Amino acid sequence: MKRENAGGFYCLGIESTADDFSVGVATFGGKILANVINAYMPEEGGIHPREAARHHAEVAGKVLEEAFTKTGIKPESLSIIAFSQGPGLGPCLRTGATVARALSSYLNVPLVGVNHCVAHIEIGKMKTRAGDPITLYVSGGNTIVSAFDSGRYRVFGETLDIALGNCLDVFAREAGLRQKVGMPFGAVVEKLAAKGKKLVPLPYTVKGMNTSFSGLLTATVNLLKKREHTLEDLSYSLQETAFSMVTEVTERALAHTEKKEVLLTGGVAANKRLQSMIRAIAEEHNVRFCVVPSEFAIDNGAMIAWTGVLAYKYAMVTPIDKSFVKLKWRLEEVEIPWIK
Ligand code: AMP
Ligand code: MG
């Protein structure tokens, strides 16, 4: 390929599934040259899809420019453009896809649509050198326990309602807490939880291999309003309960599959208490514990760029007329030819 011979193979990845707009650049060999993230943080309330999309459109140029400055490469040196094709919020996904299509057409390079959940797993594996793990992927929009089998990442368990990160975020907002750049709601709750002393009984809901957080959230918010417990104790109890639920399911998947690694990935993977719980089951089962570095835990363009490289190596390109966004694109629908 012409561009490969001209001094390097670079894939630019665009992430825009929800609140973050991010651009990353990866080399063919898996070196991450840039990972610029710009988060939309509403003054009040949760993520409004159209407002988030407006944010993405506003910052896209600036984020792209910063990524190019960081890498020192020119747009003309790019070999492929990868983008988050789903799952996610429609308006946000469409904004990222539009930027990706424009770049791909202008530079005349292939477009690769990437599944956001696959990307969280792949960046975790690449950064920790995990080969074939049970993965606990926990973020603002997803809660999935999965493992590779027969050509795809199979879902062993997932949330039946809201995601674990969303549960923490809504609780934090109800408590009147504030987030800022570098300190998302989950991290604010984590800090408070570290000062909690009393474990308040809360609904613990595991159904088969699936989890449910909405009842837990409602119960915790109701207790918050009654002011019978400190915010620290409630943060602590919410974390202990919710994290125990996902740990239980992950342990069961581990025992069943007898995989030799456990990987923790997604925004909530940055939480030290959750890390210690998953590390504990890994030790008990004598398997390796892997956790994605925090820069690559939250939604980021680097993971899209890297997964774009993996897909492109197997000729998985996305023609423009097939590049429509897929709001409910499930993890197990994606063929993974790069794992033998
Ligand atoms: P993502 O959806 O992958 O971008 O991840 C964002 C989610 O991760 C949000 O729900 C955050 O509140 C959550 N999060 C980020 N840092 C932490 C942390 N230290 N502890 C718990 N949750 C966190
Ligand atoms: Mg996010």
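**Group meeting talk: a ligand and two domains**

Okay, let's start right at the ligand: the side chain of Glu 190 puts an N or O atom 2.8 Å from a nitrogen atom of ligand 1. Before I go on, please keep in mind that this is a predicted model.

So how much of ligand 1 does the protein bury? On its own, ligand 1 would expose 500 Å², and 93% of that is buried by the protein. Two elements each give two or more residues to the shell, namely helix H5, residues 164-174, and helix H6, residues 185-193. H6 has the largest share, with 4 residues.

Let me stay with the polar contacts for a moment. Gly 186 has a backbone N or O atom 2.9 Å from an oxygen atom of ligand 1. Then there's Gly 165, where a polar backbone atom sits 3.2 Å from an oxygen atom of the ligand.

And who else is around? The shell holds 19 residues, and the ones that come nearest are Gly 140, Asp 169, Gly 186, Glu 190 and Asp 299. If you sort the shell by class, you get 8 nonpolar, 7 polar and 4 charged residues.

Now let's zoom out to the whole chain. Which stretches make up the domains? Domain 1 is in two pieces, 10-119 and 299-333, while domain 2 covers 121-296. Measuring over C-alpha atoms, you'd find the two domain centres 25 Å apart.

How do they meet? On the domain 1 side, 22 residues are in contact with 21 residues of domain 2. Together the two domains bury about 1800 Å² between them, and carbon and sulfur atoms give 58% of it. In domain 1, the residues that lose the most area to domain 2 are Met 41, Leu 331 and Glu 332, which together make up 29% of what that side buries.

Last topic: two backbone details to look for on the screen. Where is the cis peptide bond? It runs from Gly 86 to Pro 87, with omega near -5°. Pro 87 itself is in the loop that links strand S4, residues 78-86, to helix H3, residues 90-107.

The other detail is Asn 108, in the loop between H3 and strand S5, which spans 111-115. Its phi is near 55°, so to speak a positive value in a residue that isn't glycine.

That's the tour, thanks for listening.

Key:
Residues numbered from 1 in each chain as written. Chains lettered and ligands numbered in written order. Predicted model: local features only at pLDDT ≥ 70, side-chain atom pairs only at ≥ 80, totals over all residues. Heavy atoms only, no water. Near = heavy atom within 4 Å. Polar contact = N/O pair within 3.5 Å; in protein donor to acceptor, adjacent residues only side chain to side chain. Areas by Shrake-Rupley, 256 points an atom, 1.4 Å probe, with all protein chains shown as cover. Nonpolar A, V, L, I, M, F, W, Y, C, P; charged D, E, K, R; others polar. Domains from an automatic or database assignment. Contact = heavy atoms within 4.5 Å. Buried area = accessible area lost by both parts, 1.4 Å probe.
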